[in-house]
Amino acid sequence: MREPWVVGVSGASGTPYAAAVIGGLLDAGEPVDLIVSRAARLTVLDETGRPFRDGHWAEDLAAWLDRDLTGADVRHWPAGDLAAGPSSGSYRVRGMAVVPASTAACAGISIGLSKDLLQRAAEVNLKERRPLVVVPRETPVTRSHLEHLIALHDSGAVVLPASPGFYGAGAAASAQQLVDFVAGKVLDALGVPHTLFRRWSGQLGAARS
């Protein structure tokens, strides 16, 4: 039986993180169910110059990821489709990552708002006790945002801020290396193997020698 990972992309800046997580899942041979919020479509367009359209999602996703998706097990669900598979706990998935996670998405998930399919799918994963990784990126944060993140943590989600480490490549790290570090941490939290960054070896500078 197909059991995909759900990737929800909300409207916060940081769509390269989403692309790296999706790519990492596909590289690991994992099936992916994708939900892109309405606000995220604007962010994708702004940050990549590429549209993301329901009717052309496959070609738009291939252009966004800059990879051939032939043979890839990817399914797209429109964010407004509240009857979609991931809206129900009986639809089998392995877990979900919301990356990036806007303050609005975090708030909606934490209080069970189910404003759209992304929020509903995340809430379903919480109630079914499946892995949920939430990747907030905005900074600084308000007290209400912190309270919503605490509520998510207490509900069983992994709150994984988009905070890249530099020990893998040092101060000269490229933007892609920093993106891959965060994406790799997301995949670690999901239990999916990857080679997106070099792990700490216990020796200073070992990764750069």
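A salt bridge here is a Lys or Arg side-chain nitrogen within 4 Å of a carboxyl oxygen of Asp or Glu. Keep that in mind as you click around, and remember that you're looking at a predicted model. Searching the whole structure turns up eleven salt bridges, and we'll visit a few before moving on to a strand.

**Stop 1: Glu-30 and Arg-94**

Select Glu-30 and Arg-94 and show their side chains. The two form a salt bridge, with 2.9 Å between the closest N and O atoms. This pair ties together distant parts of the chain, 64 residues apart. Glu-30 sits in the loop between helix 1 (15-27) and strand 2 (32-36), while Arg-94 is in the loop between strand 3 (74-76) and strand 4 (95-101). Is Glu-30 buried or exposed? Its relative accessibility is 14%, so Glu-30 counts as buried. Arg-94, at 33%, counts as partly exposed.

**Stop 2: around Arg-53**

Now select Arg-53, together with Glu-59 and Asp-60. Arg-53 meets Asp-60 in a salt bridge at 2.9 Å, N to O. Arg-53 also makes a salt bridge with Glu-59, this one at 3.7 Å. Switch on a surface and check each residue in turn:

- Asp-60 is buried, with a relative accessible area of 5%.
- Glu-59 is partly exposed, at 48%.
- Arg-53 is partly exposed too, at 35%.

For another set of linked charges, pick Arg-2, Asp-33 and Asp-73: salt bridges with shared partners join these residues into one network.

**Stop 3: strand 5**

Hide those side chains and select residues 132-136, which make up strand 5. Why call this strand largely enclosed by the rest of the structure? Because five of its five residues are buried. Turn the strand and you'll find both faces covered. Leu-132, Val-134 and Pro-136 lie on one side, with Val-133 and Val-135 on the other.

**Stop 4: the neighbors of strand 5**

Add strand 4 to your selection. Strands 4 and 5 run parallel and are joined by four bridges. To see one pairing up close, pick Ala-101, whose bridge partner in strand 5 is Pro-136.

Next, bring in strand 6, residues 158-159. Strand 6 also pairs with strand 5 in the parallel sense, over two bridges. Which residue of strand 6 does Val-133 stand opposite? That would be Val-158.

Last, show helix 6, residues 143-154. Strand 5, helix 6 and strand 6 together make a right-handed β-α-β unit, so color the three separately to follow the path.

Terms used: Residues numbered from 1 in each chain as written. Predicted model: local features only at pLDDT ≥ 70, side-chain atom pairs only at ≥ 80, totals over all residues. Heavy atoms only, no water. Buried < 20%, exposed > 50% of the residue type's maximum accessible area, 1.4 Å probe, protein only. Pairing = 2+ DSSP bridges. Right-handed = clockwise from strand over helix to strand, strands pointing away.
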